[in-house]
Each structure stands twice: as structure tokens, then as C-alpha cells.
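Welcome! Let's take a friendly walk through this model, from the overall chain to one pair of packed helices.

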Amino acid sequence: MTKLALAERVAALAPSPTMALDAKTKALISQGLDVVNLTAGEPDFDTPAHIREAAIEAINRGETRYTPVGGTVRLKAAICERMRAEIGVEYGPDEVLVSVGAKHSLFNAIMALTSPGDGVLLPVPYWVTYPEQIRLAGGEVQYVPIAPEHKNVLTADDIRRALKPNTRGLILNSPSNPSGAVIGRRELEDIAALARERDLWVISDEIYARLVYDGMDAPSIAQFEGMRERTIVINGVSKAYAMTGWRIGYALGPRHVIQAMANLQSQSTSNPTSIAQAAAEVALTGPQEPVEEMRREFDRRRRYAVSRIQGMDGLSVHEPKGAFYLWVNMAPLIGRTIKGRAIRDADDLALLWLEEANVSVVPGSGFGVPDHFRMSYATSLERLAAGLDRMESLITG
Ligand SMILES: Cc1ncc(COP(=O)(O)O)c(C=O)c1O
């Protein structure tokens with residue numbers, strides 16, 4: 001039988017390294033097993049009622065046709081207004097592009113800015129999608145290890161050490177998935193100075209910016225002198241408004257880059273769903289209390305989960321200041337044998353926990369750090385407690 005040859009660009013595309021574990025988790029759940037799933041990358045809350053209503057009203061008004069490729073005039077205005085309120089940077093409607101989720105916004109931005117052979121700096125740990133998108137664009141991924149004493153918070157010194165002659169751009173993600181680290185104003189200012197000095201573009205993924213704790217705020221690098229013209233800010237409604245399934249993300253940046261991204265989008269997906277755009281507009285312009293309510297609940301869970309992990313032998317965590325993940329160091333467990341199984345890395349530990357205790361976390365190999373794992377607290381306090389009990393029971397014998 002003939003087997004079609006694949007194009008080079010997809011043949012080299014790595015499937016998610018956590019897919020096997022993910023498939024196993026789902027298989028166990030579908031067999032009816034009570035698995036505590038701490039792998040979720042999305043809020044466990046429903047989309048607030050007034051946003052759902054807005055979508056139904058949009059359907060009934062007949063807003064079911066093509067919209068402009070880059071988003072409706074009203075949604076773009078709502079995004080500009082919200083960005084002004086949140087990060088204090090002014091953008092006009094021709095400096096905004098609405099896409100099918102923030103992942104799509106990132107794809108458009110990376111494709112628009114990366115030429116084959118260009119180096120793109122990627123701080124470690126990184127969200128799994130970035131390296132693959134950089135490679136799809138023909139770019140060279142240039143990893144930026146963060147010095148351990150910086151506790152997952154990227155600094156200009158870390159970046160300086162990773163620079164190469166072909167470096168053209170930098171991916172920032174604060175608050176970070178997976179570490180939850182938030183880059184403070186002072187560090188960000190130094191990073192901005194370095195970007196200007198080395199003439200780098202910056203893609204700043206701020207999708208978790210509304211989910212910050214302990215009185216932190218998550219500044220945007222676009223706020224700093226001379227940065228608006230070299231930064232593409234990425235954001236969206238998925239995480240803050242519990243709207244992951246609606247697929248609305250957006251990018252804000254210099255007009256010519258946004259135009260290039262819109263051209264790419266016009267020849268691929270065209271406009272994001274009209275109904276989801278109407279809902280996103282109401283999310284951004286309507287009452288913001290639901291965001292605060294969800295944030296407060298995440299914060300409660302965060303504090304609980306951090307204290308539990310800190311009390312477990314062999315595990316440690318730097319308290320995350322944003323997002324809804326704990327990034328846990330399990331290095332002291334390496335070399336131990338638990339239930340007759342040797343633990344060589346977090347992949348082994350995650351598999352052990354899943355098979356022997358029915359609790360699922362994401363090993364760090366996919367994020368570039370095999371002796372860490374990510375656990376999500378986007379689940380109820382009760383389930384979180386049950387998951388942590390199960391984890392603890394195995395590693396304490
Ligand atoms: C850091 C980061 N950026 C972007 C996204 C994608 O968001 P969206 O669902 O809007 O595509 C995610 C989702 O997990 C994320 O963690």
C-alpha cells in the first residue's frame with residue numbers, strides 16, 4: 001500500500017511528550033476509575049452566565065456571518081479599552097488582531113517575525129507549544145536557563161548568557177505556564193533595556209495576567225520606554241473568563257506586524273467565530289467581578305497546595321505568584337525505589353502516581369525540565385486534597 005510522504009515541516013513536528021500519560025489518564029477515567037486529574041490547563045469554572053447569554057443573543061440577532069478577518073470593530077474597541085485599563089498602553093484598532101485563541105495569536109506572531117535561521121530566545125521552563133511554533137517558522141530555539149537563585153523569575157542576566165549572533169527575538173510568558181512565576185517591574189525594565197540594546201523583538205504572552213496573587217501585578221514589557229514598537233502582546237479571554245472552548249485570543253503590536261499577521265490569517269482560518277467574538281466583547285466590557293471571584297478561589301487553592309507540597313519529603317516548590325499551576329521539584333526522589341519501581345525522573349514518578357494511586361500530574365520533560373512536574377490547582381479544593389493525599393501516601397511509603 002502506498003504511504004504518502006509527509007512534508008518536512010510536519011514530519012519534524014514533535015507530538016506532545018506528555019501525550020502517552022494523557023491517553024492513559026483518559027483511558028483509566030473512561031474505565032470508570034476515580035482518577036484525580038491535576039493536569040488541567042483550564043479553569044474548572046463555567047463561563048459566567050452573562051457571557052453565555054451574550055452569545056445566545058448574538059445568534060438570535062443573526063450575527064452568524066463572516067466578520068472582518070481581524071475581528072469585529074466592537075470587539076477590537078473592547079480589547080483596546082481593556083488593555084488601556086490593565087496595562088496602560090494605548091492601541092488603535094489597526095494595531096489589534098483577534099484570532100482563534102491565544103495559541104493562534106502566537107502562531108501568527110511567530111510566523112510573521114521569524115525568518116529561517118533566526119534565533120529565538122525561550123526561557124526554561126517553557127510552555128510546550130513555543131518551541132514547536134518557532135521550529136515550524138524555521139527558527140532556531142535558543143533556550144534560556146534561569147539561574148536557580150532567581151527562583152524561576154527570568155532576569156536580563158539569564159538572557160544575556162544565552163544571546164547568540166543570530167538572536168532576533170525573545171518569548172516572554174509572565175505569569176508563566178508551567179512555573180507560575182511573575183516577572184516584576186525591575187527585572188522587566190532590565191529585560192526591556194537589553195531588548196533595545198540588542199534590537200530584539202519580544203512576544204509577550206500575558207494570557208495569565210489577571211490571575212496574580214499576594215498583591216502582585218503582572219506588568220507588561222510593552223509599558224516600558226521604546227518597547228511598544230518592538231513588542232507583540234498576546235492575550236485572550238480563555239483563562240481569565242473561563243472561556244477556553246470559545247477560542248478567542250488577540251495580539252496587539254506595531255501596525256505593520258499586525259497587518260502581516262492578519263494577511264496570514266486571511267489566507268488560513270479567516271475570522272474567528274462571530275458568536276464567540278460577541279461573547280468576548282461582553283466579557284471584556286461587562287462586570288469584572290467574576291474574574292475576581294475566580295482569582296480568589298484559585299488563590300485559596302494555591303496556598304493550600306503549596307503548604308501541602310512543602311510538607312512532603314522529597315518535594316519542593318517556589319511559591320507561584322500567578323496562573324494556576326505549581327511547578328514542583330522532585331529531584332531528591334531520583335534514585336529511590338517506590339513500589340519496586342526505580343524513579344529516574346518525573347516521568348517515572350508521574351506514571352507511578354497514576355498507576356498506583358490514580359492521581360495524574362504532568363511530568364516536566366515536555367517543559368524542558370525532567371526533574372520537575374506541573375500540577376494544576378484548577379480543580380475543587382476537595383479534589384485537590386484527595387490528589388495530594390494520594391501523592392503523599394506513595395512517596396512517604
Ligand atoms: C502560556 C499559554 N499561552 C497561551 C495559551 C493558549 O490559550 P488559548 O486557549 O487562548 O489558545 C495557553 C493555554 O494553555 C498557555 O498556557
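Among contacts in the chain between residues at least 6 apart in sequence, what percentage join residues at least 24 apart? The share is 72%. Keep in mind as you look around that this is a predicted model.

**The whole chain**

The chain holds 13 helices and 15 strands. Along the principal axes, its C-alpha atoms fill a box of roughly 60 × 60 × 55 Å. A compact globule with 397 residues would have a radius of gyration near 21 Å, and the chain agrees with this because its own value is 21 Å. As for burial, 46% of the 397 residues count as buried.

**A helix pair to find**

Two packed helices are described by the angle between their axes and the distance between the axes. Try this with helix H3, which spans residues 49-60, and helix H10, which spans residues 274-285. Their axes lie 8 Å apart, and the packing angle is about 140°. H3 and H10 are therefore oblique to each other, and their crossing is right-handed.

The table shows which residues of each helix make this contact.

| Helix | Residues in the contact |
|---|---|
| H3 | His50, Ile51, Ala54, Ala55, Ala58 and Ile59 |
| H10 | Ile275, Ala278, Ala279, Val282 and Ala283 |

What classes of residue does the contact of H3 with H10 have? There are ten nonpolar residues and one polar residue, while no charged residues take part.

Note on methods
Residues are numbered from 1 along each chain as its sequence is written. This is a predicted model: local features need pLDDT of at least 70, side-chain atom pairs count only at pLDDT 80 or more; totals for chains, interfaces and linings use all residues. Axes are lines fitted to C-alpha atoms, for helices over the stretch in contact, and angles run from 0 to 180 degrees between N-to-C directions. Helices (H or I, at least four residues) and strands (E, at least two) are DSSP runs, numbered from the N terminus. Angles under 35 degrees count as roughly parallel, over 145 as roughly antiparallel, 65 to 115 as roughly perpendicular and the rest as oblique. A crossing is left-handed if the near helix is turned anticlockwise from the far one by less than a right angle, and right-handed if clockwise. Two residues are in contact if their C-beta atoms, placed from the backbone, lie within 7 Å. Ala, Val, Leu, Ile, Met, Phe, Trp, Tyr, Cys and Pro count as nonpolar, Asp, Glu, Lys and Arg as charged, and the others, Gly among them, as polar. The radius of gyration is taken over C-alpha atoms; the globule rule is 2.2 Å times the number of residues to the power 0.38. A residue is buried if 20 or more other C-beta atoms lie within 10 Å of its own, exposed if 12 or fewer, and partly exposed in between; C-beta atoms are placed from the backbone.
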